Amino acid sequence: MKEGMKIGLILTLVGVGLMGVYRYASAHGKKSEDVIEFRKSIYHIVGWHMAPLGAMMKGEMPFDKDLFAKNATVIEQMSKIAPDSFLEGSDKGKTKAKPEIWKDKAKFNEAMQRFQTEAAKLARVA
């Protein structure tokens, strides 16, 4: 199996797994702490995969097109899952999520759509 196909398969499995966790959590009335941890995990993954992109762009590490593309693809996948991690009630607890998210849901949804659009552009260009 080619490297690109392996990465695609791995990313698909990760995405399906995370969606399964989300569906399980929402279907089984998980506590807000569980949803918050799920959300933190998504953004931790985004940050982890964004770091090498920034380092490459700043010239702090050599540009590697395959690594850039792999990380961009992971970020795109997480952008699709991120909005689902802001369930009602997950604004309470150990979270840094701003109260405006729940007060102005339309504005938040627009921001999430921009995140998804820009992440898709990044993955496509990479």
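Q: Is the phi that G59 takes just after α2 positive or negative?
A: Just after α2, G59 takes a positive phi, of about 80 degrees. The model is predicted, with local features needing pLDDT of at least 70 and side-chain atom pairs pLDDT 80 or more, while totals for chains, interfaces and linings use all residues. Residues are numbered from 1 along each chain as its sequence is written, and side-chain values use heavy atoms, leaving out hydrogens and water.

Q: What makes a stretch of the chain a helix or a strand?
A: Helices are DSSP runs of H or I with at least four residues, strands are runs of E with at least two, and both are numbered from the N terminus. The chain comes to 5 helices and 0 strands.

Q: How do you know that the span of α2 agrees with its number of residues?
A: The expected span is 1.5 Å times one less than the number of residues, so the 26 residues of α2 should span 38 Å, and the 37 Å between its end C-alpha atoms agrees.

Q: Where does α2 bend?
A: The bend is the angle between axes fitted to the seven residues ending at a residue and the seven starting there; at M50 this is about 25 degrees, and the proline P52 follows within four residues.

Q: Why is a set of residues called a nonpolar core?
A: Such a core joins buried Ala, Val, Leu, Ile, Met, Phe, Trp, Tyr and Cys residues through side-chain atoms within 4.5 Å, where buried means under 20% relative accessible area (1.4 Å probe, protein chains only). The largest has 12 residues, including F38, I42 and W102, and α2, α3, α4 and α5 each supply at least two of them.

How values were computed. Buried < 20%, exposed > 50% of the residue type's maximum accessible area, 1.4 Å probe, protein only.
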